[in-house]
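Welcome! Take a moment to look over the sequence and the 3D view, and then let us walk through some parts of them together.

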Amino acid sequence: MSFFGLDCVRKKERELERKIRANDREYNLSFKYATNAIKTSKYNFFTFLPLNLFEQFQRIANAYFLFLLVLQVIPQISSLSWFTTVVPLILVLTVTAAKDATDDINRHRSDNRVNNRKVQVLIDRKLRSEKWMNVQVGDIIKLENNQFVTADLLLLSSSEPLNLVYIETAELDGETNLKVRQALPVTGDLGDDIEKLADFNGETVNTHAHTQFFHIDRLMNVLVIFIFGFLAFMCSVLAIGNYIWEKNEGSQFTVFLPRLEDDPAFSSFLTFWSYVIILNTVVPISLYVSVEIIRLGNSFYIDWDRKMYYAHNDTPAEARTTTLNEELGQIKYVFSDKTGTLTQNIMIFNKCTINGKCYGDVYDYTGQRLEINEYTDTVDFSFNPLADSRFVFHDHSLVEAVKLENTEVHAFFRLLALCHTVMAEEKKEGELFYQAQSPDEGALVTAARNFGFVFRSRTPDSISIVEMGKQCNYELLAILDFNNVRKRMSVIVRSPEGKLSLYCKGADTIIYERLHQSCSKLMDVTTEHLNEFAGDGLRTLALAYKDLDEEYFNQWIQRHHEANTALEDREDKLDQLYEEIEKDLLLLGATAIEDKLQDGVPQTIEQLSKADIKIWVLTGDKQETAENIGYSCNLLREEMNDVFIISGNSLEDVQQELRNARTSMKPDAAENSEFLPEMDKGVKVVTDEVVNGEYGLVINGHSLAYALEHSLELEFLRTACMCKAVICCRVTPLQKAQVVELVKKYKKAVTLAIGDGANDVSMIKAAHIGVGISGQEGMQAVLSSDYSFAQFRFLQRLLLVHGRWSYLRMCKFLRYFFYKNFTFTFVHFWFAFFCGFSAQTVYDEWFITLYNLMYTALPVLGMSLFDQDVNDVWSFQHPQLYVPGQLNLYFSKKSFFKCALHSCYSSLVLFFIPYAAMYDTVRDDGKDIADYQSFALLTQTCLLFAVSIQLGFEMSYWTAVNTIFVLGSLVMYFAVTFTMYSNGMFTILPSAFPFIGTARNSLNQPNVWLTIFLTSILCVLPVITNRFLMIQLCPTINDKVMFKVRQAKATPAPPTQRARIRRTSSRRSGYAFSHAQGYGDLVTSGRFLRRPALTRSSGFTHVGRTTTSFSPMGRSAGYSPTGRPQNNKVPNVEVTSLQMYRTITDSAP
Amino acid sequence: MVKQESESANRPDNTAFTQQRLPAWQPILSAGIVIPGFVLIGLAFIGIGVALFVTSKSIQELEFDYTGYSNESPCSSCAQSVVANCKCSLNFTLTTLLQGPVFFYYGLSNYFQNYRRYGASKDDNQLYGDLSYFTSPSSSCSPYDYDSSKKPIVPCGSIANSMFNDTFTLTWTVNGKTNNVSLDGKGIAWWTDYNVKYRNPNVTPLKNAFNGTVKPINWAKPAYELDASDPSNNGFVNQDFLVWMRRAALPNFRKLYRRIDASGDYKNGLPAGNYTVDITYNYPVRAFNGVKKIVFSNVSWMGGRNEFLGIAYLVIGSLCVVMSVVMLIVYAKFKFPDEE
């Protein structure tokens, strides 16, 4: 294979045309196209420090601390030593820088891996091994089988017949089936010595940066602004206080403390800034670092979770973003892809009905139908050396029927082996590989293969199959291809005996219309079976055949040729011809194919819907398929009051359908004109409307296009949001993103999109959280996702366990963090009224420095990393526990204000109890204890005890680690305090450790400890009382479940596996497999047959050659030999276009 | 086996930590814990409160304001004059014995020793006896770092400069006989202040260390002459100086002036009788509406007299008991959870 590479070039200016000469580097270089190297890293060794620091100081909190530092060097203002700010700031900067550095090193590594992949490039007429990063625009590249491609390429020629290549675009669109690309004939003949110039209009795509916003982060930003406002308020109050004090008292106190400046106004101005420094702890700088650590930890839990590890392909779950964990606990809308996400994209030939007999079920000796599971006995296909060992079938009677040479059964499988557009590849004798356009076709041909009708190869005008060990060559006279209107395909073949037959497979309703009257009885039986299949969620196809009269056929094929070459109305004429010949068919039976759901999908969807998460399936599939899957995965239920289908073809139709749906759900709903979305800070928000009953909505791609138009989008959103489940079918990747954007725009809710292919990338990027299904070939979805795991069912664990816990932990953390810092700070505020508003700190400066870093950091981190209200099993058993997250109940502005009030109370206790207890008192030896240093020590010890005990009440999951952290921090506090206040430290630096001896002199006093005890208890008593009364009076769901856990005292039995939901429903049948025109044109076209198929077939089938003569197998009920042997060659069907078009019309049933 | 291992190379470790299964104690606020807990805490608090209250009540304390705002006050004339060492006397009668050990405090009100710039106005290195800080005091002492003639002030700063300089003597009149009550000024400061934090430079005689420096502006005598009677009680380790330098947390404070020497007649404390405190009135507080007091008090295991703690414990203990009853009623009435 030879290609020449075209780089993905970022469009810098409008380019109308791009000229590239293949294999002419100098010429191409003159355009200065970008290189092929991929660069996602941000820094290099030298730019890291300046760039990173610059970025970090763009953060408002960091910048604020820099500003504080500047304030602190001004002696008139400096109320705190510089180290109280510098130490935390440096710590914050270091931790963040370390994290950024690791991230960037990882990016460098992955860039290198991609850039250094090798490829053969034609340079100076020689093939050289080059790295992909060195490939340049216009290079000619030789690719071999199974190589990765990291550039845009144009196919020049291929070693395969017909100059075809099969490419997998899983990394781009997630579709794992192979796509055919064919070289232009003019380049196809060139081989390896190309010196032709090619003009090419390149197209470039700029991918948009993944912009996310985080709920809690946004709230935090609001809060930080509020906190700044509050800080300014407090400082102003104190500055005014200072003004009054200076004017009334300070001015008279000059005997002992001369004024530096006489003007009280100036003094109060300085005081304002001094208090900005002292009260800085209300601004949460270390909060950001802790938040990062907590998010990182919770991300690791996701990576480490064995219950989200898929052993089948050794894929663990991966948190690719570490910043979104708590959002996982607030998801309201899940947008899911279907193929590869809900389903495995594996089609299984599950059942069939042949001539009125149903095969596929297993019965025990009493005639009781058995549930098929992995232990059920499977059919042994060893009699057939060409069988596909992966094919599994359980019903032995079918293989018996084949062995007994049942004519109808043989005809049935012969049809399956002949009527399709699959390509076969046989690399080694007996090892067949099928390249099917859709997995359904592959499944049918594989089934035929295992039952002894092996499709081996095809040429444009023949199909060779091995029938029960005998090689047969069928002459392929015509393919009446599939399309969406016809919903069927037929082949006309001449058997080795010369018999002319038409084989047809298609949607049952379509086939039934074309059956011969004699089949009516068989039709009834088959219909019954079809209903049964549909009830199991299987996709059905009816099979029929017809023997053709030679004369009639000759005449027909003549007309067919004419129609095919007609310039006008070609399609119509062909359709008429097809219609004419596809009638009076004889029914053979029907197949039932299972679009295999991934494990646990129905249970997961049930769980998620119990958690009040709305699931929207956005799929490219046809409506029937999508609906079918919707039922089989429990998204749509028979119990639902109604499932609305929107498939209008005009704006008015869609609008009417949406309105009708809404009125039937909620007759008294306001008209759209009256229904104005609420304005919430300039953003329109559509509120949820409550309806009685459960409804489903299915909307088609073209209807969706109208529904997404500006005039209808609100209408659509309202109706859709009233429904429990929404399925959008035939949607384009762009529409997927639009739907997500629509919900994001008008709903104040967190959205999650899950998908596996590149067609889901847009949606994954549009949603707040993107989840990719990993472990499959496609990587694009995973690469743009925030979380990835191998199975859809892990989503419930990600949301209901990890998400919920992360949210809970983050909220607890934030609440407690604000509490402890506000309490810490407010004490200064109260003290100000007793120290002349002089910006005197209450605590020792070392305590101020270390409070957040050492004394309280680990306990709260421990809580935020380990806390869980109830364990995972209980979380699953009570999915309603998820609801508070969606409603943002654990941390909101309201709870923030509650925190502030609580802090206010605590700080009052923490200041005034020691104040009153120490007022005019002395030690038990009469010496001083009401001095400033002892008072500072007392207050800070009280504070530390109070916040530690408060933490204990916040924590609902005390592990040994938590205990160590909490007690360790207290021990550490005393150790550090005694060290700082020791003789040794003072002797080294007298001015830095002025608190010498304070700890010894005051902590041996009983009244000091009694004060500490009193404040600690007094701080938590109201909290406990309040909480206890709340639990009794209006318990939350968490309280209830925790109480249940307490009563159960053991983990509950896992929820009983819900038996497979069987439903009796109208059948959803149809040729629902493919969206595209079949390959019929391609396989019948001889035009591209550069190398005769014979040369290839010689390479693989000796068996076939020895059995060239075909002996009819016994009774041939299906094949009444009416025609005589036919020798005249049928002209090839003319093929004008290789292009496969996506049908855009789809008629609703 | 090896193959299997490599096949599941990515399988996460099965540890209690990674799987978030760490054994844990999960307490919940159930009625069975909270209500008895409240009763217990309430009873304990009431117990502590009673003990504290009784103890506090048993402490005897005498407090006299001698600022001299009102004209009846013995020191009103001194308060109005600007003469140094103005003398005035204050009489009081003890009807019963003031149980020893008895401590003699002076108290100041509306005095902001906790003012930030006041508190910072000292030089810890200088006070630690570092001679290099004698010649160049820290700028934090400003404006009391250098005098008008640019000579360094030692000890520098506002705190030292504003040292309390009223002095008191106590006489006991019994049966018409006047006895001087012996006051003990040793060991009235913290041990750590006396031995570690404050040090005189290692220079003998001490006076030489202060060469080239001047005394604080408000001081009558230089630091090395604070106590003429006891040479070792001079310089930075003078007990009165140490007591003053330990600045108070609150604007109203009292500081230990002397102990009543527990010997002779005063073995058990101050006996009943008439007492006179002779005051050398120097310290000006009227400018800022300050109040000067003298206090005689004994102590208990819980320190000086402070009724607040006892009352607080009693009140909160009673509240706990009341709350436990309220909770019990609520619990009995609502009894969570009825069912799901």
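With which side chain does the side chain of Ser934(A) make a polar contact? The partner is the side chain of Asp931(A), at 2.5 Å. Keep in mind that this is a predicted model. Ser934(A) belongs to helix H31 of chain A, which covers residues 932-954. The relative accessibility of Ser934(A) is 3%, so this serine counts as buried.

## A helix with a kink

Next, find helix H25 of chain A, residues 794-832. This helix has 39 residues, and at 1.5 Å a residue they should span 57 Å. The C-alpha atoms at its ends are 55 Å apart, which agrees with that expectation. H25(A) does have a kink of about 30 degrees, and Gly803(A) is at its centre. How many of the 39 residues of H25(A) are buried? The count is 38, so to speak of H25(A) as mostly covered is fair.

## Sheets and a hairpin

Now for the strands. In general, the strands of a sheet pair through backbone hydrogen bonds, and the pairing can be parallel or antiparallel.

Chain A has an open sheet of nine strands, in the order S11-S10-S20-S19-S18-S17-S16-S15-S14, with antiparallel pairing. At its edges are strand S11 (357-359) and strand S14 (453-459) of chain A, each pairing on one side only. From one strand to the next, the twist averages 30 degrees. Within this sheet, you can look at strand S15 (residues 462-467) and strand S16 (residues 470-480) of chain A, an antiparallel pair with six bridges. Here Ile463(A) stands opposite Tyr474(A) of S16(A).

Chain A also offers a hairpin, formed by S2(A) and S3(A) with two residues between them. Strand S2 covers residues 118-123 and strand S3 covers residues 126-131 of chain A; the two run antiparallel and are joined by six bridges. Leu122(A) has Leu127(A) in S3(A) as its bridge partner. In the turn, Asp124(A) has a positive phi of about 50 degrees.

Chain B has an open sheet too, with four strands in the order S3-S11-S6-S7 and antiparallel pairing. Strand S3 (86-94) and strand S7 (177-181) of chain B are the edge strands, each with pairing on one side only. The twist here averages 25 degrees from one strand to the next. Five bridges link S7(B) with strand S6 (residues 167-174) of chain B, and the two are antiparallel. Among the residues involved, Thr173(B) has Thr178(B) in S7(B) as its bridge partner.

## Cysteines, bonded and not

How many disulfides does the structure hold over all chains? There are three, and the table lists them.

| Cysteine | Cysteine | S to S distance |
|---|---|---|
| Cys75(B) | Cys88(B) | 2.0 Å |
| Cys78(B) | Cys86(B) | 1.7 Å |
| Cys141(B) | Cys156(B) | 1.9 Å |

Let us begin with Cys75(B) and Cys88(B). The torsion about their S-S bond is about 85 degrees, so this disulfide is right-handed. Cys75(B) lies in the loop between strand S2 (61-65) and helix H3 (76-80) of chain B, while Cys88(B) is in strand S3 of chain B, 13 residues apart. Both of these cysteines are buried.

For Cys78(B) and Cys86(B), the torsion is about -80 degrees, so the disulfide is left-handed. Cys78(B) and Cys86(B) are buried as well.

Cys141(B) and Cys156(B) each lie in the loop between helix H6 (132-135) and helix H7 (158-161) of chain B, so their bond ties together parts that are 15 residues apart in sequence. Cys141(B) and Cys156(B) are both buried. If you count the bonded cysteines along chain B, the disulfides follow the pattern 1-4, 2-3, 5-6.

Why is there no bond between Cys358(A) and the closest cysteine sulfur, in Cys352(A)? The two sulfurs are 7.3 Å apart, too far for a bond. Is Cys352(A) buried or exposed? With a relative accessibility of 0%, Cys352(A) counts as buried. Cys358(A), by contrast, has a relative accessible area of 21% and is therefore partly exposed, because buried means under 20%.

Methods: Residues are numbered from 1 along each chain as its sequence is written. Chains are lettered from A and ligands numbered from 1 in the order in which they are written. This is a predicted model: local features need pLDDT of at least 70, side-chain atom pairs count only at pLDDT 80 or more; totals for chains, interfaces and linings use all residues. Side-chain values use heavy atoms; hydrogens and water are left out. Two strands pair if DSSP finds at least two bridges between them. Axes are lines fitted to C-alpha atoms, for helices over the stretch in contact, and angles run from 0 to 180 degrees between N-to-C directions. The expected span of a helix is 1.5 Å times one less than its number of residues. The bend at a residue is the angle between axes fitted to the seven residues ending there and the seven starting there. Buried means under 20% relative accessible area, exposed over 50%, partly exposed in between (1.4 Å probe, protein chains only). A disulfide is a pair of cysteine sulfur atoms within 2.5 Å. A polar contact is a pair of N or O atoms within 3.5 Å; within protein, one must be able to donate a hydrogen and the other to accept it, and residues adjacent in sequence count only if both atoms are side-chain atoms.
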